[in-house]
Every structure is written in structure tokens, then in C-alpha cells.
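Hello,

I am passing a structure on to you, as promised. Please open it next to this email, and the notes underneath should be easy to follow.

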Amino acid sequence: MSLNGKYSLGVVLTFVLLAASMLYSIPLINSFFHYKTLTQDLFFYNRLSLWLVLLLVLIYNFFIENRSFFVWEDRKYSYIFYFGAVILLYLICLFGGAFLNAIIIFLTKEKVSERLLEFKILFKNNYLLIIFTCLTAGVIEELLMRAYIQPRIEKIYNSPALGIIVSALLFAILHSTYGTIAQVVGPFFIGIVFALFYKKYSNIKILIICHFMFDFISMMMMNLVDFKHLSLLNL
């Protein structure tokens, strides 16, 4: 199999594993523990399954691709650049995502995502679970969607634009489990912003930090905002 063939299989494998983890890990885990509702323990095990996905992709990369996990070498920048990039990315995603979501909610009269309502109860004052959830999202999603999938799509089709769009689209599809249009469009916008940044600056650490910060602030706000405003959050 050619290297591009291995990359193609790796991209499909990664997305399928991520989708399966997000869709089926909770029912599978619950078949052993028999929780009647979504509990904090059940959700914790669900997040652990995402780390298992990363491990499986790393194994595939090491034994099958036999290449560096990072197609693009991570570049080094000053601490000032790190700080400025994280803040700027956060503000772009915050205001851009909120603006798009507000338009969708206004046009479609879409109700609040049922999953967000579950999360509001689930994360109430559970700061350790919030931190672990945000860390998982930041590390797993950025390493797999940006560092792994994006450059491989670009190499397969020799198209930077396709790498950016496809990685953002897959990122958005994974968030369709929230069950609303707004919670797909927002992540797609964020995926485009992050993918453009990664293409230009090739630094995954900045994206991990920004992703963690964005989700952490959003989840902390869930303890403060009314239910009707939850749709403005992109988790």
C-alpha cells in the first residue's frame, strides 16, 4: 500500500473511531454498569474512551504508516506570540461562533440542545470533571483533527484548501451529536479558523491551549447562564 493509501485509511479509521466513541461508548459502558441516566461517572468513562482512540491512532501511525505523527513539524514561537495567538483565536471563535449561532437561532427558532441541558446538570460545580473534559477535548480533537487529519488530507489530494475544509467539516459532524444546527455551524467555523491557523503557523500547542480555554470558559459559564442562552455556547 502506498503512503497516501495508508494516510487515507488512517483518516477514515480516525474519524470512524471518534464517531463510534461519541455515539456508542456511553451505551456500551452502560451495558456493564446499568446507569439509569447520564451520570458523572458514565461521562468520565466516555471521555476516557477518546484517549483510547488517540492510542489506537498512534499505534496505527507507528506500525502501519511508519512515519512521524506530525506531517508538519511543530514550529517554535515566543511566549508573547503564544499569549497573543491564544487570545486572538479565542476572541475570533467566541464572537464569530456566537454571531453565527445567533443568526441560526433567529432564523430557525431552534430550541436549546437537549445535550447542553444535560451537561448543565452534569457539570454543576464538578470542577474536576470540567477540567478533565476540556483537557480531553483540547488534546484529542486538536491532535486528531488538526495535527493528524488535516495535513494528511492535504497530502493525499495535494490541496491545502481541501485539508482545511474537510478537517473542519469532520470536526463539525462530530458535534452533530448535540442535535442542533447551531452546534454544527459553530464548530465548523471554529474548525476553519483553527485549520487556517495550523496551516500558516504549524503549532498544535497553541490550538490545544485555546481549545481548552474556550471549552473551560464555556462550561464555567454554564453554571451562570439561563437555559435559554446555552445554545450560544460552542462546546
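Below is what turned up around the aromatic rings, followed by two backbone angles.

First, a caution: this is a predicted model, and the values below are computed from it.

Aromatic pairs

How many aromatic pairs does a search of the whole structure find? The search returns 13 of them. As you know, two numbers describe such a pair, namely the distance of the ring centres and the angle of the planes.

One of the pairs is formed by Phe44 and Phe132, with 4.9 Å centre to centre and 40 degrees between the planes, which makes it tilted. Phe44 belongs to helix H2 (residues 40-65) and Phe132 to helix H5 (residues 127-157), so this pair ties together parts that are 88 residues apart in sequence. As for their surroundings, Phe44 is partly exposed at a relative accessible area of 31%. Phe132 comes out at 19% relative accessibility and counts as buried, because the cut-off for that class is under 20%.

Another pair joins Phe62 and Phe63, and this one is edge-to-face: the centres are 4.9 Å apart and the planes make an angle of 85 degrees. Both rings belong to exposed residues, with a relative accessible area of 58% for Phe62 and 60% for Phe63.

There is also a cluster for you to look at: ring pairs link Tyr77, Phe81, Phe197 and Tyr201.

Charges over rings

Tyr201 appears again here, since you will find Lys200 over its face, at 5.5 Å from the ring centre. Arg146 is placed over the face of Phe171, with 4.5 Å to the ring centre.

Backbone angles

Which sign does phi have in most residues other than glycine? For most of them phi is negative. With that in mind, have a look at two asparagines.

Asn66 has a phi near 55 degrees, a positive value in a residue that is not glycine. You can find Asn66 in the loop between H2 and helix H3 (79-108), where it counts as exposed at 56% relative accessibility.

Asn158 also has a positive phi, near 55 degrees. Its place is the loop between H5 and helix H6 (160-174). With 69% relative accessibility, Asn158 counts as exposed.

If you have time for a single view, I would start with Phe44 and Phe132, the tilted pair that connects H2 with H5.

Happy browsing, and best wishes

Definitions and conventions: Residues are numbered from 1 along each chain as its sequence is written. This is a predicted model: local features need pLDDT of at least 70, side-chain atom pairs count only at pLDDT 80 or more; totals for chains, interfaces and linings use all residues. Side-chain values use heavy atoms; hydrogens and water are left out. Rings of Phe, Tyr and Trp (its six-membered ring) pair if their centres lie within 6.5 Å; planes under 30 degrees apart count as stacked, over 60 as edge-to-face and the rest as tilted. Helices (H or I, at least four residues) and strands (E, at least two) are DSSP runs, numbered from the N terminus. Buried means under 20% relative accessible area, exposed over 50%, partly exposed in between (1.4 Å probe, protein chains only). A charge sits over a ring if NZ of Lys or CZ of Arg is within 6 Å of the ring centre and within 35 degrees of the ring normal.
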